[in-house]
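Trainee: Could you take a close look at one part of this model with me? I'd like to start from a single residue and work outwards.

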Amino acid sequence: ALLSPQNTLVIGAGSMQIERLIAEQGGHVTTVELDPVVVEASTRYFDDVNHMSSLPNRSIVIDDAKHFIANTGQRFDLVVTDVPAAFSIQTATLYSTPFYAQIAGHLEPDGVLIVNLTTRFQPESEVSRRIAASLLTVFDDVIIVTSESSRLSFAFAGKELPFDFLELQAALEANDEAAYTLFHRTSIEAIVANARPISLDSMELVLKISADWI
């Protein structure tokens, strides 16, 4: 709603509901998904939430997201990562500094990356702090929102975000988000503290996430 993006990339299919919400704002939405079975199941069983059969401004690419980003010539107003928590190395790379740097290279000057931090952003959460650290390494402008309705935190990142705190607050409330917390870069840096960015040689995070989940 804040961006009205003309060209959006969603990484990961899932139920593809978020694609519907973005496509209803106009512009074109491309989904990149590695597993064709996920796309088939979502298309077949979740049409009532994703409207795949009726929205014309949608396309799906079956590819590894890293390969797609490395080889596409497109630039995007909005990129959304809709991927599972980092239970495997393959998924953890999608939260890493190198991958975010690849995405940054394909954003329009006022483009935005939105990332689910997979948990609440707080000093006790190593996972969310390390994802945030990765984003801070790549992007100049980062805002994090903790949504009480979902009990999750989401990061908005870009070279220069095309909205400010007050505009984001108004958009949240217009979409019935009654309880939330906003963090600007200074407060994000304070909470991140000494948490290390996620790199391709620091995948021990996968073992911790898997152990915690088990």
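Which residue in S2 is the bridge partner of Ile11?

Mentor: Val32 is the one: it is the bridge partner of Ile11 in S2. Keep in mind as we go that this is a predicted model.

Let's stay with Ile11 for a moment. Ile11 lies in strand S1, and S1 (residues 7–11) pairs with strand S2 (residues 28–33) in the parallel sense, over five bridges. With a relative accessible area of 2%, Ile11 is buried; the cut-off for that label is under 20%. As for what surrounds Ile11, set aside residues up to four places away in sequence, and Ile11 touches Val32, Ala65, Val79, Val80, Thr81, Asp82, Val83, Phe99 and Ile103. So Val32 turns up twice, as the bridge partner of Ile11 and, because its heavy atoms come within 4.5 Å, as a contact. Phe99 is another name to pick out of that list: Ile11 and Phe99 are 88 residues apart along the chain, and their C-alpha atoms are separated by 12 Å.

Now the other neighbour of S1. Four bridges join S1 to S4, and these two strands run parallel. Along that pairing, Thr8 stands opposite Leu78 in S4. Strand S4 covers residues 76–81, and five of its six residues are buried, so S4 is largely enclosed by the rest of the structure. Going on from there, S4 and S5 run parallel as well, joined by five bridges, with Thr81 standing opposite Val115 in S5. You've met Thr81 already, since Thr81 is also one of the residues that Ile11 touches.

Zoom out and these strands fall into place in an open sheet of eight strands, with mixed pairing and the order S3-S2-S1-S4-S5-S7-S6-S8. Strand S3 (58–62) and strand S8 (180–183) stand at the edges; each has a single partner strand, so one side of each is left without a neighbour in the sheet. From one strand to the next, the twist averages 15°.

What lies across those strands? Helix H6 (residues 97–104) lies across S1, S4 and strand S5 (107–116), and H6 runs at about 145° to S5. Just ahead of H6, have a look at Ser96, which has its place in the loop between helix H5 (89–92) and H6. Ser96 counts as buried, at 1% relative accessibility. If you leave aside its neighbours within four places in sequence, Ser96 is in contact with Ser134, Ile198 and Leu200.

That takes us to helix H7, residues 126–138. The axes of H7 and helix H9 (residues 185–192) come within 9 Å and cross at roughly 130°. That makes H7 oblique to H9, and the crossing is left-handed. On the H7 side, Arg129, Ala132, Ala133 and Leu136 meet Arg185, Ile188, Glu189, Ile191 and Val192 in H9. Sort the residues of this contact by type and you get six nonpolar, no polar and three charged. Val127 is found in H7 too, and at 16% relative accessibility Val127 counts as buried. The C-alpha atoms of Val127 and Ala195 are separated by 9.0 Å, although the two are 68 residues apart along the chain.

Two backbone angles deserve a check before you move on. Most residues other than glycine have a negative phi. Asp176 is not a glycine, yet its phi is positive, about 65°. Asp176 lies in the loop between helix H8 (165–174) and S8, and at 70% relative accessibility it counts as exposed. Ala193 also has a positive phi, near 50°, and is a residue other than glycine. You'll find Ala193 in the loop between H9 and helix H10 (204–213). Ala193 is exposed, with a relative accessible area of 52%; the label needs a value over 50%.

Definitions and conventions: Residues are numbered from 1 along each chain as its sequence is written. This is a predicted model: local features need pLDDT of at least 70, side-chain atom pairs count only at pLDDT 80 or more; totals for chains, interfaces and linings use all residues. Side-chain values use heavy atoms; hydrogens and water are left out. Axes are lines fitted to C-alpha atoms, for helices over the stretch in contact, and angles run from 0 to 180 degrees between N-to-C directions. Angles under 35 degrees count as roughly parallel, over 145 as roughly antiparallel, 65 to 115 as roughly perpendicular and the rest as oblique. A crossing is left-handed if the near helix is turned anticlockwise from the far one by less than a right angle, and right-handed if clockwise. Ala, Val, Leu, Ile, Met, Phe, Trp, Tyr, Cys and Pro count as nonpolar, Asp, Glu, Lys and Arg as charged, and the others, Gly among them, as polar. Two strands pair if DSSP finds at least two bridges between them. Buried means under 20% relative accessible area, exposed over 50%, partly exposed in between (1.4 Å probe, protein chains only).
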